[in-house]
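Hi everyone, thanks for coming along. Today I'd like to walk you through one structure, a few places at a time. Have a look at it first, and then we'll go through it together.

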Amino acid sequence: MPLYKSLTVADTTKVLIWKIEETINELNTNVLLTENSQARLNGMKSQLHQRGFLSVRHLLKEVGYSDADLIYDAYGKPHLKDGKFISITHSYTFSGIIISDEQPVGIDIEKQREKILKIAHKFTPFEEYKTIANHEALVSKLTIVWGAKESLYKIYGKKSLLFLHHIFIDDFNFADEKTTGAIRYEGKTASYQIFFLEFEGFTCVYAI
């Protein structure tokens, strides 16, 4: 399908979300991949991953970029050749990108699943959320926290951060659709704005 959502976060920052309903052949149409990207695509065993990978290239086209404009550093963090900041995500039937002219950004899309209750203690002090009696609300809140931490991890762009010990998300109300967070690492603290939205059983979180 065409673009699912387009959000203007600020004059210089945009979020685009794609709902992946096309076949691989349909997604492969009108998308020119570099030799390296084609090799990556061919090496993916999951059609879900292949479709996610290709749908991101369609999102790039929506904002005037091609696959060749996207490069990855030694840590696997994506960059645009013109120096603008980008972050990429895909999960099951949705993919998304955030692009900013001026500042580092991160984005994550997650499917809301019961599994998050079992792993919550690994990424957040779970005691903070035990007062939430509504089971569905608890899954939703933990998914937002995970997505927020994942977004900040992507901004940092290196492998050394631990979600539990280095990335912190301030508490929030669902209705606000935003919060703040920080990376505290090696004696330094960097603070970020975090925004979130939910749709069709998925959660999208992005940080700037």
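What follows is a short tour of two helix pairs and a few single residues. Please keep in mind that this is a predicted model.

Let's begin with helix α2, residues 35-43, and helix α3, residues 47-62. How do their axes cross? They come within 9 Å of each other, at an angle of roughly 150°. Angles over 145 degrees count as roughly antiparallel, so α2 is roughly antiparallel to α3. The crossing of α2 past α3 is left-handed. If you want to find the contact on your screen, look on the α2 side for Ser 37, Arg 40 and Leu 41. On the α3 side, the partners are Gln 50, Phe 53, Leu 54 and Arg 57. As for their character, three of these contact residues are nonpolar, two are polar and two are charged.

Now move along to the loop between α3 and β3, where you will find Asp 67. Is Asp 67 buried or exposed? Its relative accessible area is 3%, and buried means under 20%, so Asp 67 counts as buried. What does the side chain of Asp 67 reach? It reaches the backbone nitrogen of Thr 34, at 2.9 Å. Setting aside neighbours within four places in sequence, Asp 67 is in contact with Leu 32, Leu 33, Thr 34, Ser 37 and Arg 57. You have already met two of those names: Ser 37 belongs to the α2 side of the helix contact and Arg 57 to the α3 side.

On to the second helix pair, α4 and α5. Their axes come within 10 Å and cross at roughly 45°. That angle makes α4 oblique to α5, and the crossing is left-handed. From α4, the contact uses Ile 116, Leu 117, Ala 120 and Phe 123. From α5 there is a longer list to read out, including His 135, Leu 138, Trp 146 and Lys 149. The residues of this contact divide into nine nonpolar, two polar and one charged.

Let's stay with His 135 for a moment, which sits in helix α5. His 135 is partly exposed, at a relative accessible area of 41%. Which side chain does the side chain of His 135 make a polar contact with? The partner is Glu 114, at 2.6 Å. Beyond neighbours within four places in sequence, His 135 is in contact with Glu 114 and Leu 117. For a sense of distance, His 135 and Val 56 are 79 residues apart in sequence and 33 Å apart in space, C-alpha to C-alpha.

Pro 125 lies in the loop between α4 and α5. Pro 125 is partly exposed, with a relative accessible area of 35%. Along the chain, Pro 125 and Leu 164 are 39 residues apart, yet their C-alpha atoms are separated by 7.5 Å.

Finally, here are two residues to look at for their backbone angles. Asn 30, in the loop between α1 and α2, has a phi near 65°, a positive value in a residue other than glycine. Asn 30 is exposed, at 62% relative accessible area. Glu 200, in the loop between β10 and β11, also has a positive phi, near 50°. Glu 200 counts as partly exposed, at 47%.

That's the tour, and I'm happy to take questions.

Notes. Residues are numbered from 1 along each chain as its sequence is written. This is a predicted model: local features need pLDDT of at least 70, side-chain atom pairs count only at pLDDT 80 or more; totals for chains, interfaces and linings use all residues. Side-chain values use heavy atoms; hydrogens and water are left out. Axes are lines fitted to C-alpha atoms, for helices over the stretch in contact, and angles run from 0 to 180 degrees between N-to-C directions. Helices (H or I, at least four residues) and strands (E, at least two) are DSSP runs, numbered from the N terminus. Angles under 35 degrees count as roughly parallel, over 145 as roughly antiparallel, 65 to 115 as roughly perpendicular and the rest as oblique. A crossing is left-handed if the near helix is turned anticlockwise from the far one by less than a right angle, and right-handed if clockwise. Contact means heavy atoms within 4.5 Å. Ala, Val, Leu, Ile, Met, Phe, Trp, Tyr, Cys and Pro count as nonpolar, Asp, Glu, Lys and Arg as charged, and the others, Gly among them, as polar. Buried means under 20% relative accessible area, exposed over 50%, partly exposed in between (1.4 Å probe, protein chains only). A polar contact is a pair of N or O atoms within 3.5 Å; within protein, one must be able to donate a hydrogen and the other to accept it, and residues adjacent in sequence count only if both atoms are side-chain atoms.
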